[in-house]
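Reader: I should be grateful for a close look at one part of this protein. Please explain it in terms that a first-year student can follow.

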Amino acid sequence: MDKTKRIFIETINKHGMMDNGDKIIVGVSGGPDSICLLHLLLSIREEYNLILCVAHINHKIRKIEGDNDEIFVKNFCKKNNIPFYSRSYDVEKIAKKNGESTETCGRNIRYEYFNELFVELKANKIALAHNLNDQAETILMRIMRGTGLDGLMGIKAVRDNVFIRPLINVKRKDIEGYLIDNNIESKLDKTNLENIYRRNKIRLELIPYIENNFNENIISSLERLRDTLEVDLKYIDNISDLKYEKYCKSKGNKIIIEKDAFLEDNAIVTRIIRKAYFNLMGTLNNLEKVHVYNIIKIQKSISGSVVEMPNGIIAKNVYNNIVMQQQEEKIKNINEYTLIKGENFIEELGYNIKMNLLDKIDKKDLIKSLEIKYFDYDKIDKDIKLRFRREGDVFHPIGMKGSKKIKKFFIDIKLEESKRDKIPLICFGDDIGWIVGIRVSEKYKIDSNTKKVLEIKFEREV
């Protein structure tokens, strides 16, 4: 058996990545890694009784080349009888609006689209083509950033029991060899050869330098480091979980860490604090080492000492127990704006919302933009308003059964806490119809009975 396929199958079996009959969405850019992944999945499709679908994102960065990549992937799917789904975004423009890097914006958009398709297609897994070189690059990036043991684990082979990476133990050169041996065409993204991004600099400059001057097997060495740490980390995490259950109590929106927890070794104490924070927030975003050690410091101080943490969490010394809780919510934007057909310019927000009634719409237009959406007008029987989130808001995301609190929805899609109160909502009465730029409501979607279509275009001042 080919080396690449052997490692691919070993990785699937080791991590229990898929079950018989799984429907798998495969992220395919058209590059060597993703085409190799798709070809390997095709080779086991019958054996595992898999249902494969392909998701492709055109980032509109490379213009004609990007369009050609999309056509290439589409034709590959057609030839192999695989459903093909694609979407185009002007990533550079969106990144500028959001004040984030093109890399970060592209990643967020990809995962948002994958998650949306996952719900819509009722899939079981999302397969991504990260390989062993990607793993090494990630670990080096995190080392330079000053990471802990968790960060040294790099890219997870399986995340949330949804995202799977069957090539995570395969070197890039073996992927390229597999394509050559099997006479498989792929497309090269030339931006991967430009040292304009941090990861590209590590890939094109740092790793070759280490290979040429220090260790020609640095990729394999980093893999061994990760595997060794994984065993130790698993043990430490198991002990930490037991200690958390022993010392921590949850009471409503509070978590109390008993003072005896702080008699444990710092390796355990820090993990207990991180776990408490995660259980309150649903994320560890923005939590840094300094925040954790500030809590250890005030626990040894006088009762009543308080330390502020990211995302509105405070930790307070209460007779040497630590009480972690959400701060009382700050006053939020309570204004709401009633919208009318035509243009609605809201000067203080810099928003221009255009609403038009249409008799019909082409299906391809339904997903053409993050900031243009369409709704069944006959299902709307109340005023149309723009506002921001409020305590207790509930939302029915398209493609999902039932509703969920908007706070939980934002946590699920990993939206940073600092951004949650700034996301505009288009509401029909008190009902949220559209979380702008993120998701529309199932309740107002267009269906075969739709007679009048409401188009809402959301524009922001640059």
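Which residues does Phe-8 touch, not counting residues up to four places away in sequence?

Author: Phe-8 touches Leu-37, Leu-40, Leu-41, Ile-44, Pro-166, Leu-167 and Val-170, once residues up to four places away in sequence are set aside; contact here means heavy atoms within 4.5 Å. The model is predicted, so local features need pLDDT of at least 70 and side-chain atom pairs count only at pLDDT 80 or more, while totals for chains, interfaces and linings use all residues. Residues are numbered from 1 along each chain as its sequence is written, and side-chain values use heavy atoms, with hydrogens and water left out.

Phe-8 belongs to a wider group. It is one of the residues with the most contacts inside the largest nonpolar core, which has 38 residues; the others named are Met-18, Val-26, Leu-41 and Leu-167. A nonpolar core is a set of buried Ala, Val, Leu, Ile, Met, Phe, Trp, Tyr and Cys residues joined through side-chain atoms within 4.5 Å. Buried means under 20% relative accessible area, exposed over 50%, and partly exposed in between (1.4 Å probe, protein chains only). In soluble globular proteins, nonpolar side chains tend to be buried together.

Helix H1 (3-15), E1, helix H2 (32-43), E2, H4 and helix H9 (172-181) each supply at least two residues of this core. Helices (H or I, at least four residues) and strands (E, at least two) are DSSP runs, numbered from the N terminus. H2 gives the largest share of the core, seven residues. Apart from this core lies another, of 26 residues, among them Phe-262, Ile-268, Met-281 and Met-309.

Two of the contributing strands, E1 and E2, also take part in a sheet. This open sheet of six strands has the order E3-E2-E1-E4-E6-E5, with mixed pairing; two strands pair if DSSP finds at least two bridges between them. E3 and strand E5 (158-159) stand at the edges, each with a single partner strand, so one side of each is left without a neighbour in the sheet.

Strand E2 (residues 51-58) is mostly covered, as seven of its eight residues are buried. With strand E1 (residues 23-27), E2 pairs in the parallel sense over five bridges, and Lys-23 stands opposite Ile-51 in E2. E2 pairs with strand E3 (residues 84-88) in the parallel sense, again over five bridges; there His-56 has Ser-86 in E3 as its bridge partner. Strands of a sheet pair through backbone hydrogen bonds, either parallel or antiparallel.

Helix H4 (residues 64-79) joins E2 and E3 in a right-handed β-α-β unit. A crossover is right-handed if, with the strands pointing away from the viewer, the path from the first strand over the helix to the second runs clockwise.

Further along the sheet order, strand E4 (residues 125-127) and strand E6 (residues 163-164) pair in the parallel sense over two bridges. The bridge partner of Ala-127 in E6 is Ile-164. The picture that began with Phe-8 thus takes in a core of 38 residues and an open sheet of six strands.
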